[in-house]
Amino acid sequence: MSGFASLRLALSAAVLGTLLCAPQVSAQSAAAPAQTVTLGPSGLPLPRFVSLKPARVNSRVGPGANYSVDWMYMKAGLPMEVIQEFDTWRRVRDADGSEGWINQSLLSGRRTAIVAPWQRGKGGRINLLDDPDKDANVVAIIEPGVIGSIKKCDGQWCEMTFDGHTGWMAQSQVWGAYPGEKFKN
């Protein structure tokens, strides 16, 4: 038998052995894949939410000051989603889906969120509640598109502050926290 044929036979046996000895995966575990966290070059997770530090921030078409400005954001505290990193530059996405590059020095780890930006202009309102319970008392009524500071999220509810009013809002109603994400700001 030639060396090539014996190598092919050995590889086939190894693959077959791996398949036969592989642990059986139940339908339940196959339906719920494990969450894996991807870390960027900074050591921080990608994607992740941050907010803008200053009131005027240039979003560029590439990762560097020599790239042209594509967009200027005019609101400090605006939540952004970091989706890529290159050196000191972060590729971000806003609540409307626009993407660009912003220097990391203009971004803060302070978490903020926009209330139901997908409902802006549709006349809906979201209740800010005194407890994380749909039947709790209403603290304030918030219009879609309003930005608030997140104090914490428990995976279903976020405790937020809007212009001095603090309360709870369903996590599914904010853009600035991932579904099921738990954290304290």
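**Notes on a strand-rich predicted model**

1. Let me start at Lys75, which sits in the loop between β5 and β6 (79-86). Strands here, like helices, are DSSP runs numbered from the N terminus (E, at least two residues, for strands; H or I, at least four, for helices). Lys75 is partly exposed at 46% relative accessible area, where buried means under 20%, exposed over 50%, and partly exposed in between (1.4 Å probe, protein chains only). Its C-alpha is 4.5 Å from that of Ala55, although the two are 20 residues apart in sequence. Leaving aside residues up to four places away in sequence, Lys75 touches Leu52, Pro54, Ala55 and Ile147, a contact being heavy atoms within 4.5 Å.

2. A word on how to read the values. This is a predicted model, in which local features need pLDDT of at least 70 and side-chain atom pairs count only at pLDDT 80 or more, while totals for chains, interfaces and linings use all residues. Residues are numbered from 1 along each chain as its sequence is written, and side-chain values use heavy atoms, with hydrogens and water left out.

3. Met72 belongs to strand β5 (residues 69-73) and is partly exposed, at 34% relative accessible area. Beyond residues up to four places away in sequence, Met72 touches Arg56, Val57 and Asn58. For Met72 and Arg56, the C-alpha atoms lie 6.6 Å apart, with a sequence separation of 16 residues.

4. For the overall picture, the protein has 2 helices and 17 strands. Of its 185 residues, 34% are buried. Among contacts with a separation of 6 or more, 54% involve residues 24 or more positions apart.

5. Now to the strand pairing, where β13 is worth following. Two strands pair if DSSP finds at least two bridges between them. Strand β13 (residues 147-154) runs antiparallel to β10, with 3 bridges, and Thr112 has Ser149 of β13 as its bridge partner. β13 also pairs with β14 (residues 157-162), again in the antiparallel sense, over 4 bridges. These two strands form a hairpin with 2 residues between them, and Gly155 in the turn has a positive phi of about 105°. A further 3 bridges join β13 to β17, also antiparallel. Cys153 is a handy landmark: it stands opposite Cys158 in β14 and opposite Phe183 in β17.

6. The structure holds 9 salt bridges, each defined as a side-chain nitrogen of Lys or Arg within 4 Å of a carboxyl oxygen of Asp or Glu. One of them joins Arg90 and Glu85, with the closest N and O atoms 3.7 Å apart. Arg90 is buried at 5% relative accessible area, and Glu85 is buried too, at 8%.

7. Which parts of the chain does the pair Arg120 and Asp96 tie together? The closest N and O atoms of this salt bridge are 2.8 Å apart. Arg120 lies in the loop between β10 (112-115) and β11 (126-129), and Asp96 in the loop between β7 (89-93) and β8 (99-103), so the bridge ties together parts 24 residues apart in sequence. Arg120 is partly exposed at 36% relative accessibility, whereas Asp96 is exposed at 61%.

8. Glu181 and Arg111 form another salt bridge, with the closest N and O atoms 2.9 Å apart. This pair links distant parts of the chain, 70 residues apart: Glu181 is in the loop between β16 (174-175) and β17 (182-184), and Arg111 is in the loop between β9 (107-108) and β10. Both residues are buried. Elsewhere, salt bridges that share partners join Glu81, Arg91, Arg93 and Glu99 into one network.

9. Glu181 returns at the largest pocket, where it is among the residues nearest the centre, together with Pro45, Pro47, Arg48 and Tyr178. A pocket is an open set of points on a 1 Å grid over the protein atoms alone where a 1.4 Å probe fits, with protein on both sides within 12 Å along at least five of seven lines; lining residues have an atom within 4 Å of a point. The space in this pocket is about 520 Å³, the volume being that filled by probe spheres set on points joined across faces, edges and corners.

10. The lining of the largest pocket numbers 22 residues. β2 (45-46), β3 (48-52) and β9 each supply at least two of them, and β3 gives the largest share, 3 residues. By class, there are 11 nonpolar, 7 polar and 4 charged residues, with Ala, Val, Leu, Ile, Met, Phe, Trp, Tyr, Cys and Pro counted as nonpolar, Asp, Glu, Lys and Arg as charged, and the others, Gly among them, as polar.
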